Amino acid sequence: QEAGRRALRPLVRELWRENSGELITKYTYVLDFFDTSDWLDQLIQIALKRQDLAADGKAALMIALEGYGVDVNSPPFKKDKPSSGGSSLGQQVQGAMQLGEEGMVTFLDDFLSYPAEVQQTVIRELCNSGDSQAPRLLEAMLWHEDRELVHAAVVALGKIRDSRAAAVLQNFLADCDAEFALATEKALRRLSFLGVAVPPPRKLLPFHNGYATPPDGDGYRSLLLSRWSGPDRVSVLYLQVHERRGVLAAWGAGDLTLDNFAAEVEGFRMQDDLIEVSPGYLLDLVRDALYWSRDLCYLPADFYMRRGIFAGEDMTPARYSEKLTDLPRSRRLSFQEGEQLAQRLFGDSFFSGWFMADQRVYDFAEEYRSGKGCEQVLERFCNELLAPELELIRERLLVSADLMRRCSRDNLHVAKIVGLADSLLDNPLPHHLHPFLRRFALESMEIARESLERGEDLPLRAVEEL
């Protein structure tokens, strides 16, 4: 059963990332080989939370869920599209807040994709709702990338006669960009004039813990940060990120007991090889993910809802690769040393996710296992799939070496990995003869071959023929 869950993990991970409707259909078809209880809830969450999908990807998920008995024609899958009018939209806003944090996150998911004029209407509805949760939802909007939307949320908070609105503004003032400081101060003065008690600046509690996975073979990794929120309680933010696409998914909780937090970490560890790291290091990784998210229109809703976990920290986006210059260096490795090191790395837990999950890998794996022209297959694999990514693979190796150093791995071993990474760019051999690239290709095809031999090639082909 545990082996089955390990096989399921990369499949679910791909469904969090894949954008192609055709490939999503293939992946969901393969899920039929696993116990429904291990993945159906996750598939529902993917369908609800992934707002980056185009129509074909979303349709593929809906068709799959319907096939597994989920009623996709009822809430929360089906929602009325908002118009610019306030009445029905106001009901949606009120309904979301009555459902608590989960309802607000689901509503915020929708809000982020609304046209600007509808977003402004929502903010006005929140301002006039009289609901005690309105400041909490407006607080999440303060961290949006649209400056006009942020300004509107500040103004709205300044009109809510509630000390919770004043607290949100007070907290925002401590961390906001300078361009919002004057408007925030004005909103606080307005509330004070209206007789609303403005609380003193918050007391910042320390971070509790940090966890991260090493980057996998496609450049994805998971991050988890926790911070004390009170006696024996923590707030949590979990992120799935990519080395060039930035923040892809988020999940958070505002107030967990330590036992509940431990259970959540254990649950995530069933999918990800989380390694305990310092919170400072994790913050650097989040800044890097934010740097690569700059071209996104918006981030996942849970990120905005849990943005307060970074209170008091400068979260200016910054590339983490600039911090890799102080890694230990070794002399140039011989071919034999490189071959031995590559073999050793792919048996190391830090490299357990180093395989490619591209559909082309399965095509190459089928050719390779036929036993004909294996070297030619390997050469084409490396030239087509690895050669265009050499810079990224090198950086991925350096990031892994850096993490190993932070986890107190042997400094000489780390230096050799750095040397192996540097050899990718001045390699005189064909790509398929480089020790690490060759092992990377073989490992990827071996994972694909095992999948094919379990019979998963049959449903994949069946879907292709539809």
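Biologist: Hi! In E5, which residue is the bridge partner of glycine 210?
Modeller: Valine 277 is the partner of glycine 210 there. Helices (H or I, at least four residues) and strands (E, at least two) are DSSP runs, numbered from the N terminus. Before we go on, this is a predicted model in which local features need pLDDT of at least 70 and side-chain atom pairs count only at pLDDT 80 or more, while totals for chains, interfaces and linings use all residues. Residues are numbered from 1 along each chain as its sequence is written, and side-chain values use heavy atoms, with hydrogens and water left out.

Biologist: And in E2, what is the bridge partner of glycine 210?
Modeller: On that strand, glycine 210 is matched with leucine 225. Strand E1 (residues 207-212) and strand E2 (residues 220-230) run antiparallel, joined by five bridges. E1 and E5 are also antiparallel, over three bridges. Two strands pair if DSSP finds at least two bridges between them.

Biologist: What order do the strands of the sheet have?
Modeller: The order is E4-E3-E2-E1-E5, in an open sheet of five strands with antiparallel pairing. The edges are strand E4 (246-257) and strand E5 (275-277), each of which pairs on one side only. From one strand to the next, the twist averages 20°. Axes here are lines fitted to C-alpha atoms, for helices over the stretch in contact, and angles run from 0 to 180 degrees between N-to-C directions.

Biologist: Why is E1 described as largely enclosed by the rest of the structure?
Modeller: Because five of its six residues are buried. Buried means under 20% relative accessible area, exposed means over 50%, and partly exposed is in between (1.4 Å probe, protein chains only).

Biologist: Which strands does helix H12 lie across?
Modeller: Helix H12 (residues 258-269) lies across E1, E2, strand E3 (233-242) and E4, and runs at about 150° to E4. Helix H13 packs on the sheet too, touching E1, E2, E3, E4 and E5, with its direction at about 125° to that of E2.

Biologist: Changing topic: which residues touch the most other members of the largest nonpolar core?
Modeller: Met141 and Phe436 do, in a core of 111 residues. A nonpolar core is a set of buried Ala, Val, Leu, Ile, Met, Phe, Trp, Tyr and Cys residues joined through side-chain atoms within 4.5 Å. Helix H18 (residues 390-406) gives the most to this core, with eight residues. There is also a second, separate core of 27 residues, including Leu11 and Leu40.

Biologist: What is phenylalanine 436 in contact with, leaving aside its neighbours within four places in sequence?
Modeller: Its contacts (heavy atoms within 4.5 Å) include Ala342, Phe346, Trp354, Ile393 and Leu420.

Biologist: Is phenylalanine 111 buried or exposed?
Modeller: Phenylalanine 111 is buried, at a relative accessible area of 0%. This residue lies in helix H6 (residues 100-111). Leaving aside neighbours within four places in sequence, phenylalanine 111 is in contact with Gln119, Val122, Met141 and Leu149.

Biologist: And where is threonine 28?
Modeller: Threonine 28 sits in helix H2 (residues 21-30) and counts as buried at 5% relative accessibility. Beyond its neighbours within four places in sequence, threonine 28 is in contact with Leu15, Leu43, Ala64 and Tyr68.

Biologist: I work with cysteines a lot. How many disulfides does the count come to?
Modeller: Zero, taking a disulfide as a pair of cysteine sulfur atoms within 2.5 Å. Cysteine 297 is exposed, with a relative accessible area of 63%, and cysteine 407 is partly exposed at 26%.

Biologist: Okay, and what is phi of serine 408 near?
Modeller: Near 65°, a positive value in a residue other than glycine. Serine 408 lies in the loop between H18 and helix H19 (411-422) and is exposed, at 67% relative accessibility. Aspartate 232 has a positive phi as well, near 60°; aspartate 232 is in the loop between E2 and E3.

Biologist: Last one: what pLDDT does the chain average?
Modeller: The average is 86, and 93% of the residues score at least 70. pLDDT is the predictor's confidence in each residue, from 0 to 100. Among the elements, helix H1 (residues 2-17) has the lowest mean, 66, and helix H13 (residues 279-291) the highest, 97.

Biologist: Where does pLDDT stay under 50?
Modeller: Over residues 83-87, which have seven contacts beyond four places in sequence in the model. Residues 457-466 are also below 50, with 14 contacts beyond near neighbours in sequence. Where pLDDT is low, the predicted coordinates should not be read in detail.
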